[in-house]
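This report describes the open and enclosed spaces of one protein chain. The sequence and structure are shown first, followed by the pocket, the cavities and the confidence of the model.

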Amino acid sequence: MKPPTRTLFVAATTIALLAGAAGAYAASSAPARGQAPSGAEPTAYSWNLTPTGTTERFRGLAPVSSRVAWVSGTNGTVLRTTDGGATWSDVSPEGLGTETLQFRDIEAFDARRAVILSIGEGEDSRILVTDDGGASWTETFRNTDPAAFYDCMAFSSPQRGLAMSDPVDGRFRLVETADGGHTWSLVDPAGMPDALPGEFAFAASGTCLATGPGNRTYLASGGVDPARLFTSTDRGHTWTVADTPVAGGGAAGIFSVAFRDARRGVLIGGDYTDPTKSVDNAAWTADGGATWSKPTSNPGGYRSGSDWVLGTRATVLAVGPTGSDVSTDGGRSWAPFDTGSFDSVECTNDGACWASGEQGRVATLTR
């Protein structure tokens with residue numbers, strides 16, 4: 001049976017959106033550039049909000065460059081920009097019965113090609129593909145197993161990708177594509193270690209599943225204490241699993257995994273029911289995940305998304321409903337630089353970083 005926390009997580013985020021995301025989830029403006037929140041060291045990082053013209057919540061984020069980015073979210077909404085966020089086009093699927101779905105993950109390869117994943121139990125978990133910039137979409141996968149709940153996707157190339165479900169018959173389930181998401185097939189579960197009772201993944205930012213160099217893939221879990229990280233070196237066909245320093249529980253665990261290269265990686269998470277708690281909510285590795293260490297200072301609360309700033313030596317970003325944090329030493333220490341709400345963050349090969357979240361918030365990083 002699917003853990004009740006999964007349903008509660010979907011319901012809680014929907015209620016927060018309808019309620020205007022009050023309290024800790026309320027959007028707030030970023031501090032002026034060069035000014036950090038009280039108690040933090042000064043930083044040159046800040047977010048520059050872009051006008052999306054909507055209040056949908058965008059947990060799905062797929063920037064391609066400093067100019068091109070896609071977001072996906074509630075009520076079947078997908079937006080695309082090709083001018084760095086100055087304007088956004090609504091490229092949501094039409095006529096496919098997706099108007100009430102939550103597109104929690106999106107992967108994009110350029111201004112024309114993208115893949116979106118809707119989350120939920122049974123047939124609410126679907127995958128759609130566009131090859132014409134969102135002018136038309138094709139459904140290429142629909143889950144028919146009532147026990148499955150798909151959370152995240154990850155692509156190692158424009159052709160090869162994986163999508164993952166919470167455990168079915170005691171193991172995390174994967175489907176794979178070798179043609180850019182146009183067809184999908186079930187990965188043999190024999191290579192997946194058993195899940196623990198109550199273990200699952202969080203569909204919070206599309207980064208509970210991530211690819212790394214070569215054929216590496218990482219799957220992050222929660223629901224159990226401590227939270228665990230699954231690692232594959234053959235594109236998701238066989239896996240090993242290890243405990244991490246990140247605390248887990250019914251609403252807690254690892255929400256995001258990001259690797260800079262084969263050795264350097266970070267884990268980000270927390271407890272989404274206690275968004276300001278900053279204890280055991282991050283970890284870092286410098287040996288490919290053979291060992292994980294706690295940072296000397298943690299992100300400032302529950303964080304759902306993370307990514308490395310390309311073009312820097314060791315800078316990582318983490319975002320969540322109560323703010324954003326930056327590490328300049330590969331996750332060994334963190335400092336806050338913004339108090340606004342975001343769910344997802346992703347950086348591109350040309351050095352741009354984007355963030356997205358509730359109330360239509362999408363921003364680019366200024367540094």
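## The largest pocket

In this predicted model, the largest pocket holds about 910 Å³ of space. Its lining is made up of 34 residues, and those nearest the centre of the pocket are Glu 107, Phe 155, Thr 211, Glu 346 and Cys 347. By residue class, the lining of this pocket comprises 19 nonpolar, ten polar and five charged residues.

Several strands contribute to the pocket wall. At least two lining residues come from each of E2 (60–63), E6 (102–108), E10 (149–155), E14 (209–211), E18 (252–259), E21 (305–308) and E25 (344–347). Strand E25 provides the largest share, with four residues.

## Enclosed cavities

How many cavities of 30 Å³ or more does a search of the whole structure find? The search returns three, and the largest cavity has a volume of about 110 Å³.

Thirteen residues line the largest cavity; Ser 156, Arg 160, Gly 161, Leu 162 and Arg 235 lie nearest its centre. Strands E11 (161–168) and E12 (171–177) each supply at least two residues of this lining. The cavity lining contains two nonpolar, seven polar and four charged residues.

## Confidence of the model

The chain has an average pLDDT of 90, and 88% of its residues score at least 70. Residues 1–42, in contrast, stay under a pLDDT of 50; the model gives this segment 86 contacts beyond four places in sequence. Predicted coordinates should not be read in detail where pLDDT is low.

Notes
Residues are numbered from 1 along each chain as its sequence is written. This is a predicted model: local features need pLDDT of at least 70, side-chain atom pairs count only at pLDDT 80 or more; totals for chains, interfaces and linings use all residues. Side-chain values use heavy atoms; hydrogens and water are left out. On a 1 Å grid over the protein atoms alone, a cavity is a set of points where a 1.4 Å probe fits but cannot get out, and a pocket is an open set with protein on both sides within 12 Å along at least five of seven lines; lining residues have an atom within 4 Å of a point. Grid points are joined across faces, edges and corners, and a volume is the space filled by probe spheres set on the points. Ala, Val, Leu, Ile, Met, Phe, Trp, Tyr, Cys and Pro count as nonpolar, Asp, Glu, Lys and Arg as charged, and the others, Gly among them, as polar. pLDDT is the predictor's confidence in each residue, from 0 to 100. Contact means heavy atoms within 4.5 Å.
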